[in-house]
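Good morning, and thank you for making the time. I should like to take you through one structure, residue by residue where that helps. Please have the sequence and the model in view.

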Amino acid sequence: MATDSQKDCSYPKCDTNEPVPLWLIDVLRNAREAKLGCYAKAAAWEVSRGPMDGDFLARCRGAAEVAHALARLRDQREHVGFVPLTFGDYVALLARLAKVSLSTVCRWSGVEDLRAVPHESASGIAKLARGVGIDLRQLVAHVRLGIIQQSRGIVPASAVRARSETESDALTEWESYISSVEHELSAETQEFSQTFVERVRDGYRA
Amino acid sequence: MPDERVSGLDSLAERMSSGDEKAYRAFADAFGPQFQAYFRRRGLSDADAEALAVSCITDAALAIRKFSYEGPGSLQRWAFTIAHNKLVDWARGQQYMFSLNEVSCYPDEDTSTSWSNESVVAAACEALNELSEVDHNIVCLRLLKQPYPFAEIGEMLDLTETAVRVRHHRALMRLRKILEKNPACIELLSSSQQKRSQDDGHG
């Protein structure tokens, strides 16, 4: 952008009553890239003029606290990798390792009970998983494990030998184990599992 | 416009990336109210502007490791890009109740023409960048749905209200001259005129 001294002198004088065509306004309205920096500066100027609303600032700080907690959970997730646990147990494990309050992130995602799997919690679980950086494939494995555990009591972890060298290998082995166990579940539970997993997928992609 | 407060924020990103909790709080204090002010100017109600600003703080802070420093003010520009995208997503969800149309200060008219054409948008960006910084700011701040009053823009830019009005109009006329020479704009203008003639003929 040129400086004022370079440009102002070249401005033609014009009649300020000359109408502004609407097409011009429409064109300029769409030039987002050129305007955001200006809006940002104007917002900073506007904020600097008046007192801050204490309640609103407290909410903003709460939102930043959530981001901080999620960032720490992400770090732990990268460190720990896939562990064959239900989604609730996995996130609780990460929270324990990261020394993060689970209630902070649960409140943010709208999940009341991480261990329960009612249909209504699908979008909250998806939101939390995305926040923590769990990919969709891994999330689905955790969710399916949760449904098996709810139906069968415990997940027989010993069923899969700890021989995998990579996270992806481990996940693949567990996926095939989960599929084999799911075949033994009642038709009703299988249907519930499919519907719930689909809802989680939709929530994750939304 | 005061830039000192903003440029001091650029170091926040690095501190946040290393997990400094105080930096997260400072980010919230700085950007929460700015996002709120921006959303209000774009026409959101106080309640919606607040809720969206709070949500933006989490999103932007969580994405902070993707930020790369590109000179003074870059964190603010980056954060506002996130805020803007969030606003667009929000508006899509409210499509029957809310329009992101920025120009309520101008009379309503359905031009029935797609001015969001990529070449035209690029030409508009180039044309805006040909203005001086002051005129560029004046034009942009008047395009908002809740435009800054001329008097406030004057206060912001240290100009009288009359000077802002005159510069605003001259800048628009200059932009008009530039864009009327642009091939993509010429094409769209001509198709728009043809369409209008056809409509008039039918009417």
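Let me begin with a single side chain. A:Glu198 has a relative accessibility of 39%, so this residue counts as partly exposed. A:Glu198 belongs to helix α10 of chain A, which covers residues 187-205. Its C-alpha atom is 8.9 Å from that of A:Ala122, although the two positions lie 76 residues apart along the chain. Please bear in mind throughout that this is a predicted model.

That pair leads to chain A as a whole. Chain A contains ten helices and zero strands. Of its 206 residues, 48% count as buried. If we take contacts in chain A between residues at least 6 apart in sequence, 68% of them join residues at least 24 apart.

I turn now to a place where the two chains meet. How do the axes of helix α3 of chain A and helix α5 of chain B cross? Helix α3 of chain A spans residues 36-49 and helix α5 of chain B spans residues 74-93; their axes come within 9 Å and cross at roughly 100°. An angle from 65 to 115 degrees counts as roughly perpendicular, and α3(A) and α5(B) are therefore roughly perpendicular to each other. On the side of α3(A), the contact is made by A:Leu36, A:Gly37, A:Tyr39, A:Ala40, A:Lys41, A:Ala43 and A:Ala44. On the side of α5(B), the residues are B:Gln76, B:Arg77, B:Phe80, B:Thr81 and B:His84. Sorted by class, this contact has six nonpolar, four polar and two charged residues.

Two of those names return in the next topic, the aromatic rings. A:Tyr39 and B:Phe80 are members of a cluster linked by ring pairs, together with B:Phe27, B:Phe31, B:Phe35, B:Tyr38 and B:Phe39. The count of aromatic pairs over all chains comes to nine.

I shall describe two of these pairs. A pair of aromatic rings is described by the distance of the centres and the angle of the planes. The pair of A:Trp174 and A:Tyr177 is edge-to-face, with 5.2 Å centre to centre and 85° between the planes. Both residues lie in helix α9 of chain A, residues 167-182, and they are three residues apart, about one turn of the helix. Are they buried or exposed? A:Trp174, at 5% relative accessibility, counts as buried, and A:Tyr177, at 12%, counts as buried too.

The second pair is in chain B. The ring centres of B:Phe27 and B:Phe31 are 4.9 Å apart and the planes stand at 45°, so this pair is tilted. B:Phe27 and B:Phe31 both lie in helix α3 of chain B, residues 21-41, four residues apart, which is again about one turn of the helix. B:Phe27 has 0% relative accessibility and counts as buried; B:Phe31 has 0% and counts as buried.

Rings in chain B also meet charges. The charged end of B:Arg41 sits over the ring of B:Tyr148, at 3.8 Å from the ring centre. B:Arg142 lies over the face of B:Phe150, and here the distance to the ring centre is 3.9 Å.

Next, a charged residue that touches both chains. B:Glu50 is part of helix α4 of chain B, residues 46-62. At 19% relative accessibility, B:Glu50 falls under the 20% limit and therefore counts as buried. Leaving aside residues up to four places away in sequence, B:Glu50 touches A:Asp53, A:Phe56, A:Arg59 and B:Gln36.

I close with the loops and their backbone. Where is A:Lys99 found? A:Lys99 is in the loop of chain A between α5, residues 87-98, and α6, residues 102-109. Its phi is near 55°, a positive value in a residue other than glycine. With 70% relative accessibility, A:Lys99 counts as exposed. Chain B offers a further case: B:Asp158 has a positive phi of about 60°, although this residue is not a glycine. B:Asp158 is placed in the loop between α8 and α9 of chain B, and with a relative accessible area of 72% it is exposed.

Helix α8 of chain B, residues 150-157, contains B:Ala151. B:Ala151 is partly exposed, at 40% relative accessible area. The C-alpha atoms of B:Ala151 and B:Val164 are separated by 7.8 Å, with the two residues 13 apart along the chain.

Thank you for your attention.

Notes. Residues are numbered from 1 along each chain as its sequence is written. Chains are lettered from A and ligands numbered from 1 in the order in which they are written. This is a predicted model: local features need pLDDT of at least 70, side-chain atom pairs count only at pLDDT 80 or more; totals for chains, interfaces and linings use all residues. Side-chain values use heavy atoms; hydrogens and water are left out. Axes are lines fitted to C-alpha atoms, for helices over the stretch in contact, and angles run from 0 to 180 degrees between N-to-C directions. Helices (H or I, at least four residues) and strands (E, at least two) are DSSP runs, numbered from the N terminus. Angles under 35 degrees count as roughly parallel, over 145 as roughly antiparallel, 65 to 115 as roughly perpendicular and the rest as oblique. Contact means heavy atoms within 4.5 Å. Ala, Val, Leu, Ile, Met, Phe, Trp, Tyr, Cys and Pro count as nonpolar, Asp, Glu, Lys and Arg as charged, and the others, Gly among them, as polar. Rings of Phe, Tyr and Trp (its six-membered ring) pair if their centres lie within 6.5 Å; planes under 30 degrees apart count as stacked, over 60 as edge-to-face and the rest as tilted. Buried means under 20% relative accessible area, exposed over 50%, partly exposed in between (1.4 Å probe, protein chains only). A charge sits over a ring if NZ of Lys or CZ of Arg is within 6 Å of the ring centre and within 35 degrees of the ring normal.
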